[in-house]
Amino acid sequence: MLNDLTFEQRKLADFISDISERCYSASWLENLEYVLWDMLNKGERKYGRDVLTQQDIKQLIQLSNDCKCWIYFDDIKEETAIDIELWKEEFDKTIFQNPNILKG
């Protein structure tokens, strides 16, 4: 939940949400956190009605480094911070089980 996040974590969550609004007019599109993480590793891509740019990538990396975490959306807790190493494991496991979530 946003209220449980630190100031730096909140900045990352807000930026992720802003991307979702810009691309899909949704505050947090399903699987957004997976698509954005994949983009950090693979580069720019079209997403919805916009393009995720190198500037988006740089800002996501900076915000993630600042708070030393990633943000994912939990159906109960909503925006939730997770340690980067735990997130990498979760990402790999989830994408292995369902690679289609990266289509965005």
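Student: What covers the buried residues of α2 (32–42)?

Tutor: The cover includes helices α1, α3 and α4 together with strands β1 (45–47), β2 (50–52) and β3. Contact here means heavy atoms within 4.5 Å. Helices and strands are DSSP runs numbered from the N terminus (H or I, at least four residues, for a helix; E, at least two, for a strand). This is a predicted model, where local features need pLDDT of at least 70 and side-chain atom pairs count only at pLDDT 80 or more, while totals for chains, interfaces and linings use all residues. Residues are numbered from 1 along each chain as its sequence is written, and side-chain values use heavy atoms, with hydrogens and water left out.

Student: What makes you say that α2 is largely enclosed?

Tutor: Nine of its eleven residues are buried, so the rest of the structure largely encloses α2. Buried means under 20% relative accessible area, exposed means over 50%, and partly exposed is in between, with a 1.4 Å probe and protein chains only. The buried set runs Leu32, Glu33, Tyr34, Val35, Leu36, Trp37, Asp38, Met39 and Leu40. Just past the helix comes Gly43, with a positive phi near 100 degrees.

Student: Which element gives the most residues to the largest nonpolar core?

Tutor: Let's start with the core, which has 31 residues. To belong, a residue must be a buried Ala, Val, Leu, Ile, Met, Phe, Trp, Tyr or Cys, joined to the set through side-chain atoms within 4.5 Å. Leu12, Ile16, Leu36, Leu60, Trp70 and Ile71 have the most contacts inside this core. Two or more residues come from each of α1, α2, α3, β3 (69–74) and α4 (84–97). The top contributor is α2, with seven residues.

Student: Why is α1 called roughly antiparallel to α3?

Tutor: Helix α1 (residues 7–24) packs on helix α3 (residues 54–67) at about 155 degrees, with the axes 8 Å apart. That angle makes the pair roughly antiparallel. The cut-offs are under 35 degrees for roughly parallel, over 145 for roughly antiparallel, 65 to 115 for roughly perpendicular, and oblique for the rest. As for the geometry, axes are lines fitted to C-alpha atoms, for helices over the stretch in contact, and angles run from 0 to 180 degrees between N-to-C directions.

Student: Which residues of α1 and α3 meet?

Tutor: From α1 you get Glu8, Gln9, Lys11, Leu12, Phe15, Ile16, Ile19 and Arg22, and from α3 Asp56, Gln59, Leu60, Leu63, Ser64, Asp66 and Cys67. By class, this contact has seven nonpolar, three polar and five charged residues. Ala, Val, Leu, Ile, Met, Phe, Trp, Tyr, Cys and Pro count as nonpolar, Asp, Glu, Lys and Arg as charged, and the others, Gly among them, as polar.

Student: How do you know that α2 is roughly perpendicular to α4?

Tutor: Their axes come within 11 Å and cross at roughly 105 degrees. That crossing angle makes α2 roughly perpendicular to α4. Glu33, Tyr34, Trp37 and Asp38 of α2 make the contact with Ile84, Trp87, Lys88, Glu90, Phe91, Thr94 and Ile95 of α4. The class split is six nonpolar, one polar and four charged.

Student: And why are α2 and α3 called roughly perpendicular?

Tutor: For α2 and α3, the axes come within 10 Å and cross at roughly 105 degrees. They are therefore roughly perpendicular to each other. Here Leu36, Met39 and Leu40 of α2 touch Ile57, Leu60 and Ile61 of α3. That contact has six nonpolar residues, no polar and no charged.

Student: Why does Lys68 count as exposed?

Tutor: Its relative accessibility is 61%, so Lys68 counts as exposed. Lys68 sits in the loop between α3 and β3, and has a positive phi of about 55 degrees although it is not a glycine.

Student: What makes Glu78 partly exposed?

Tutor: Glu78 has 33% relative accessibility, so it counts as partly exposed. Glu78 is in strand β4 (residues 78–83), and this non-glycine residue also has a positive phi, of about 65 degrees.

Student: How do you know that Ser20 is buried?

Tutor: The relative accessible area of Ser20 is 0%, which means it is buried. Ser20 lies in helix α1. Leaving aside neighbours within four places in sequence, Ser20 is in contact with Ser25, Ala26, Ser27, Trp28, Leu29 and Leu32.

Student: Why is Asn31 called partly exposed?

Tutor: Asn31 has a relative accessible area of 21%, so it is partly exposed. Asn31 belongs to the loop between α1 and α2. Asn31 and Leu102 are 71 residues apart in sequence and 7.6 Å apart in space, C-alpha to C-alpha.
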